[in-house]
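Please open the model in a viewer and keep the selection panel at hand. The stops below proceed from one chain to the next.

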Amino acid sequence: MAHLRAIVGEEGLLEDSSRAAPYECDGLAHERCRPEVVLLPRSTLEVSKCLALLHSHSIPVVPRGAGTGLTGGATPVEGGVLLGTARMRRVIEVNAKDRFARVEAGLVNIDLTRACCDEGLFYAPDPSSQAACSLGGNVANNSGGPHCFKHGNTTRHVIGLVIVMANGEVLDLSAPEVDPVGYDLVGLFVGSEGMFGIATEVTVRLTPTPEAIETLLGVFASLDDACDSVSAIIAGGWDASALEILDKLTIAAVEASVFAAGYPKDAEAVLLVEVEGSAVECHENAEGILAILADHGVLEVRRAQSERERQKLWAARKGAYGAMGRIAPDLYVSDVVVPRTKLREMVRATTDICTARGLKILNVFHAGDGNLHPNISYDRRDSDELRRVIEAGDEMARVCVEAGGTLSGEHGIGLEKLAQMKLYFSDEDLELMHTVRRAWDPSQNMNPGKLLPIRACMETRTRPVPVEASGRAGS
Amino acid sequence: MQTTPTQSAPCTDAQLVDYAASLDCVHCGLCLRTCPTYELTGRESASPRGRIHMMRSVAEGELKPDAAFIDELDLCLLCRHCESACPSGVNFAAMLEHTRARLLDSSERSWLVRRALGLGLGRVLPSPRWIAFLAGALRFLQRLGLVQLASRLPGKVGQAAAACPPVPPARERRALPRHTPALGQRRGSVSVLEGCIMPPLLGRVNRATVAVLAAAGREVHCPRGASCCGSLHAHNGDLQGARELARRLIDKHSGLLGDDGELLPIVTNSAGCSSHMKHYGALLADDADWAERAAVFGKQVFDFSEYLVRFAFDDLRPALGPLEVAQPICWDDPCHLCHGQGIRDEPRALLDALSIERVELKESESCCGSAGLYSVLRPLDSRAILAPRLAALKATGARTLVSANPGCQLQWSGGLRQTGSEVEVLHIAELLERALAHGRESGE
Amino acid sequence: MSLAESLEDIVGREGLEESAHFPGLPVVAPADDESARELFLFAQAESKSLRLFGRGSKLGWSPTPKQIDFALSTHRLQGVIEFEAEDGTLTARAGSTMGSLRDLVAERGLELSPDVPRPHGATLGGVLAAGASGPDRLRHGPGRLHILGTHALLPGGEITKSGGRLVKNVTGYDLHRLYAGSHGSLALVLEASLRLFNAPRERCALRFERECLDEALGLAEKISNMTLAPRTLTLFHSGSESSWSVDVGLAGLGAELERNRCRLAQFARPDERLDGAAALTRSEELRDREPHAGSSAVLHLASLPSRLADACEALLASFEGRALGKITIQPGVALADLALAPNGGTTEDLARRLQAARTALTPLGARLSLRGAPRLAPNAQNDCIGGPALALMKRLKEAYDPTRILASNGPVGAH
C-alpha cells in the first residue's frame, strides 16, 4: 500500500470506506462491490508503475473512466483494485491541419470538442453521457451516440492509443498512422472493455464542423408510425446524421426536467431528425425526409429555428436517461440492435416483454442505427421487481438475437449481458476471445469476469438491498 | 440579539440523510463535470453523484458516517451547479444542508471548529455591531501592516490572511439611510436588504444599489434591525439559526406595504441572499405560525438585476448615459444567481444596455470558490478552485469583471490582487451607478 | 501419396490448380467451407505450411516466404449470402470479387467501400486481408472500418464468428478488425459483412494540369481547404510526360454539384470537365491506374497531409537517378504510390535507396513499404516494428496459429 501511495501521491489513493463507496458501481447500480483501494494516477508512467506492482502481487485491476457505463464494466471485483483515470484529463495536442487530437484517457468527451471547436472541428461520437463520460471509457466500450448514425462509433475515430498492459509495460501506439503497421492492435483494443490493458492516451480523428445543420422534430400519433418512417428514410437512401425516437413517457420525464425543450407532451412519439452538410445538401435531404414523414402520418413537423433551439432539443434528448430518475429510483437501460427493416415489430416486442411483467418501459433510442434502448424504471429495493427486470432484459436480448439482432450497440457487455453472450456466440467463438485476451494479458487480471462468460460457474450476483427505511416521498 | 446554535436531538445514522431525496439520483453522471471539487480532485466522493451515493449508503446502513464522509460533504461549496445539470431534478443543496444540520454537533468534528462556527454563526453574523467592531479592528491591523505580514506565513493562516479583503475607511462603512426618495417621478417603492457583511466591506455597493433604484423612480426603504438573511447559517448546517433570522427579517419587513397594500418587493444585491430568501417558505414550512407569511415573503424577493429588468427597465434606461470603465468587461454568473435562481439573461441585458464592449467568460457559471464562509473555512481549497477561473478571465482579455454577489466580488478581487492583475471587479450596481452619474452630468 | 494427390482427395480434381504466383507449388481452391476446413486439418496433421490468397492481386504486398508447401485460393468460395438493401448491409463469401459485389449493390443505388483498383480481379477476402483501400478513402475512410463482421476458419479447424451483419454492434471483441490487414496470417475469412453507402446521385469530374509536383500539391491543398468535400482528389504523373494532372471528383445532388463547381472555378480553371456517365467512367479510370504491384515494384508512402509534400520530396530525392514509372498521390489522405520502372537498377541498389528514404522519412512520421517484386528481405520491404507491439503481435499469432500452418511475411515477420 505504501508503495502504491508513493506512486500516485497522497491524493491519488483512497482506502477509507466512505471515499471508496461511490466507486462500488457504475451505471448498473444493482451490481455492487466496494473496492478496498481506489487508485487515481496522474500519468501513463504512474499507471505503468501501479500495474507493474499489482501484477507482481497478482492483484486484479478494474479500470474506470467516469463511471457512466451501463453494463457494470467498471464494477470492482473482490480483492481487486479500482484504477480510475479521472485525474488524467489533459489535452496533449490538437492538430487542426491533420485533423487529429491526442488526449489523456480521463478527458471528458465534450471537453475534446470544446478544445477543437475554435478550429472548426469536432469529435463526432456523442454518447448521451458526453458531458460526463471519458474518452478512455468510450474506447473501452466502443461507445456510440445519436450522431454515430452518420459518423460511426468510437472505433471509427480512434487512430492511436497508449496502452499500459497488465504487467505495466507501455504500448505506445499513439502516432496517428494512416494504416496500422502489422496487426491493427488499436482496432482490436477498442471495445475490449478494459480486459486487454488500460488506455492512458487516445489519438482521435477530428471531423470538420458541417457548414449547415438542419434539425427537424416530427410528431407522431403512434410509435409504429415513427418507426416506419425511420425504416423508410433508410430504405429511401436519405442521408441523415441522426434519427432518434422518444416515446410519450420519455417526453413527459424530460419536459419535467431542467432540460425541457418544448417536446409535445401529448404526442405518442417524436422523431428527432438531423441532417448536416452543405446548405444545399441539408435542404435537399430535409425535403426528402419531410416527404417521407408526411407519407407516414406525421401530425406536425417543427424545424429548429436557431442554434440555441437545436442545442436545447439535443440537451433534452441527452438528458432523457437521467430524467427518468423522476419516475423511480433506479433505471435499467437496455441496449440491443435489430435490423433497421424490423424496427416497428422489435420495438413492439420489447415493449410487450416489459409490460407483460408489469414493468414500466420508456423508449428513447437511436432509431437510425436500429439501436433500441428499452429503459425500465424500477426500484432495486423491491427484489421481485429487480428479478423481473433482469428476466425482461434477458428475454429482450433473446428476441432481438432471434430476429437477426445483437446484444449491444454501444454499451458493451460488462456484467449485465455475460449470460446472454451464449445466445449470440458459440462456445468456439467465446473460446477464441478468451485466447485473444490471454495473448494481451496472460495473467487475466485485467477487469476479470467481464464480457466473457466463464464456462462452468455463472453465479447470479444480484442481490436486493435490505432496508427498513421509508420509501421515496410521495410514492 | 443572538441565535442559539442547533441542539438537535441525537439522531441515528439513517436520519442524517434525506433518504427520499437521495433516491431521485440514477447515477447518470451529468453533474460530474459541473462540480468544482470533482474538477479539482477527480475523486468520485467529492462529486455530487458520489456524495449522494454516500448519503444513500449511510441511510441504507451500508456506510458509517465517518470523518471522511463529513470531510467530503464539507468540501462541497454548495454552488448548486450540479442542480442546473441534473435531469432528474435532485435538490442537492437541500439534501446537503439537511445532512450538515444533523452533523453540526457530530463528535467527528473537532471541538474548536464547532465552537468557532457556533460563535460566528450564532453571535457575529446576526449582529451589525459585532461585524462593525471586527471590521474596524481588521482595518486597524491592516493599516499597521500586520495582516500583510501574516499573509506571508505558510499554511492556512497565511492563506486566510492573504484572502482577507481590505476594509475600507469608516465613511464607506456607514449604514444605509432608512428611507431614500425616488429621483424624479416616483413610480413605486421597494425595500432593500442591507446584508451582514455588505455594510463594512462593500458599503459602496449598497449605496450604488439604492442610487440606481432611486434613479429608476423607486422610493427605497431599508428597515433597521434585520440585516442578515441567514443563508450562511443554512449552508453551514445551522438551520435553527437560519429560521430565527428568517422570522426576524420577515417581521421587520412586514410593516412595509406598497400603495396597493401588498408587501413591498424586497430587492437584494447579493445573489446568495436572494436565492436563500426566495425559499423562506420551504425553510419555515413546518412552522405553522410562519409558513404562510414566509411563502408570501419569498415571492416578493427579487435579485437586483431581476427586479430592474422585470419591473423598472424602461424607467431606468433614460437615466443611463455613457460611462467610464475599462473595457472590455465580462460578466461572471454568481452560482446562486444562475443555478440558484435561473437568472442568466437579466444581468446581461442590463450590461448590454450600457453600450460597452462585453466579452463572454468561458465556464462563467462555474464557482469562483467564494461560497460564503467557505473561503474563510477552507482557504486553500477556495483558492485552488479560483485558479482556473482566473486563467479563464485572463484568456478573455477583459479589463473589468462584473458580478452580483459580495462573496464573489471579494473572492475575485482577492485572487486578482494576489496575481498582480489590474482587472477591476465591480458589482453590477456600481457599474450602473457610474452610468447614472454621467447621465446626470451630461443632462445638466 | 504425394502432396498434390492428398490435396486432390480433399478438393477434387477441379479444386487443384496452378498459379503463376506460386510456380511449382500445388494450389488448391476449395469450393465450400467444409473442404477448406479439411485442408486446414490436413495441414495440421501433416505439419504443412500454406499461404492464403484470393486472386493474387495483392500478394506482393506481403511476399510469400520460401518454405511453403501449398497455397489456398478462395476464388471458388463465391456468392452473396445476404443482401439487405433496405438495411444497407451485404454479407458475401470471401472469394466474391469486389467488382461483382459492387455491381450488385449499385442496382439498388448503393455502393460499397473500399472502391479498390481493378475490382473484378480482387476478392472481398483478399481486399480485407490486405487492408486495401481506394480513392474513395477520402470520403469513406479506410476500408477496414466498414467490415461489420466475419466468419473465419481458424488454423485449428473451428469456424468462428466475430461482429455480425448489423450496422452497429459492440458485442464481443472486434476480432474482424484484427483480420483486416493481417495478410491471411491468422485465419481464413470465409465470409464478411459490409456496411453500404448511398451512391451519389450525380457526379462530375474535373481535371487540372500542372507543370510540377509542387504546383499540383499546392492546388490540391487549396481544394482540400475549401470545405467542398470532394469525393476523390488524386494527383497523377505518368512517368513519361513531365506534367502532373490533378483530378477532382465531385458528387452529390445537382444544385450542390453546381455550387461546388462554381466555387472551384473561381480560383482555378479546369482543363477538362466531364459529367454524368462520363464522370463515372473517369473515376473508374483514375482508380484503376494506380500502379499495379503485380507488374512492377511499387513504393507505398503513408504520411500526414501536412507533411506530404516534404515526404514526397524526401522520397523522390532518395530515388533520384533511378527510373520511375507512374506516380499517384492522394493528398487528402496522404498516401502515395510510386512505381519503379522494371530493370531500373540492381536489388542491392534498391535496398540501399529504401534504407536512405526511410532515414529521411522517419522524422516526418511517414511510412514506406515496397509492394511487389523484386524480392527483398521482409524487414527491408516493410516498416519494422519492435518492442512490446511486436511481442504482442507474436503472441496473437501464437494464439491463433500455434502450429504455424499459415505462412506470412507480414510485419510480424517470417516464421
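Domain bounds in this tour come from an automatic or database domain assignment. The model is a predicted one, in which local features need pLDDT of at least 70 and side-chain atom pairs count only at pLDDT 80 or more, while totals for chains, interfaces and linings use all residues. Residues are numbered from 1 along each chain as its sequence is written, and chains are lettered from A and ligands numbered from 1 in the order in which they are written.

**Chain B: domains and confidence**

Select chain B and colour its domains: domain 1 (13-103), domain 2 (111-170), domain 3 (172-309) and domain 4 (320-443). Between the C-alpha centres of domain 2 of chain B and domain 4 of chain B the distance is 24 Å.

Next, colour chain B by pLDDT, the predictor's confidence in each residue, from 0 to 100. The mean for chain B is 88, and 93% of the residues score at least 70. Which elements of chain B have the lowest and the highest mean pLDDT? Helix α10 (residues 155-163) of chain B has the lowest, at 68, and strand β5 (residues 301-303) of chain B the highest, at 97. Helices (H or I, at least four residues) and strands (E, at least two) are DSSP runs, numbered from the N terminus. Then select residues 1-10 of chain B, where the pLDDT is below 50; this stretch nevertheless has 26 contacts in the model beyond near neighbours in sequence. Two residues are in contact if their C-beta atoms, placed from the backbone, lie within 7 Å.

**Chain B against chain A**

Display chains A and B together. In this interface, 35 residues of chain B are in contact with 40 residues of chain A. On the side of chain B that touches chain A, at least two residues come from each of α1 (19-22), α3 (48-59) and α4 (67-75) of chain B. The most is given by α3(B), with six residues. By type, this side of chain B comprises 16 nonpolar, 11 polar and eight charged residues. Here Ala, Val, Leu, Ile, Met, Phe, Trp, Tyr, Cys and Pro count as nonpolar, Asp, Glu, Lys and Arg as charged, and the others, Gly among them, as polar.

**Chain A: domains 1 and 4**

Hide chain B and divide chain A into domain 1 (2-84), domain 2 (91-208), domain 3 (212-323) and domain 4 (325-440). The centres of domain 1 of chain A and domain 4 of chain A, taken over C-alpha atoms, are separated by 27 Å. Contact between them involves 10 residues of domain 1 of chain A and 11 residues of domain 4 of chain A. The side of domain 1 of chain A that touches domain 4 of chain A holds three nonpolar, six polar and one charged residue.

**Chain C: the overall fold**

Select chain C, which has 13 helices and 19 strands. Its radius of gyration (taken over C-alpha atoms) is 22 Å, close to the 22 Å that the globule rule gives for 415 residues, so chain C is as compact as a globular protein of that length. That rule is 2.2 Å times the number of residues to the power 0.38. The C-alpha trace of chain C spans about 70 × 55 × 40 Å along its principal axes. Among contacts in chain C with a separation of 6 or more, 68% are between residues 24 or more positions apart. Of the 415 residues of chain C, 54% are buried. A residue is buried if 20 or more other C-beta atoms lie within 10 Å of its own, exposed if 12 or fewer, and partly exposed in between, with C-beta atoms placed from the backbone.

Now colour chain C by domain 1 (1-199 + 384-415), domain 2 (202-288) and domain 3 (298-381). The C-alpha centres of domains 1 and 2 of chain C are 34 Å apart. Each of these two domains contributes eight residues to their contact. On the side of domain 1 of chain C that touches domain 2 of chain C, three residues are nonpolar, one is polar and four are charged.

**Backbone details**

Most residues other than glycine have a negative phi, and most peptide bonds are trans. The last selections depart from this pattern.

- The peptide bond from B:Gln327 to B:Pro328 is cis, with omega near -5°; B:Pro328 is in the loop between α17 (304-316) and β6 (329-331) of chain B.
- The peptide bond from C:Ser113 to C:Pro114 is also cis, with omega near 10°, and C:Pro114 is in the loop between β7 (110-111) and α4 (124-130) of chain C.
- C:His183, not a glycine, has a positive phi of about 50°. C:His183 lies in the loop between α6 (175-179) and β10 (188-195) of chain C and is buried, with 28 other C-beta atoms within 10 Å.
- C:Arg404 has a positive phi near 55°. C:Arg404 lies in the segment after α13 (387-400) of chain C and is partly exposed, with 16 other C-beta atoms within 10 Å.
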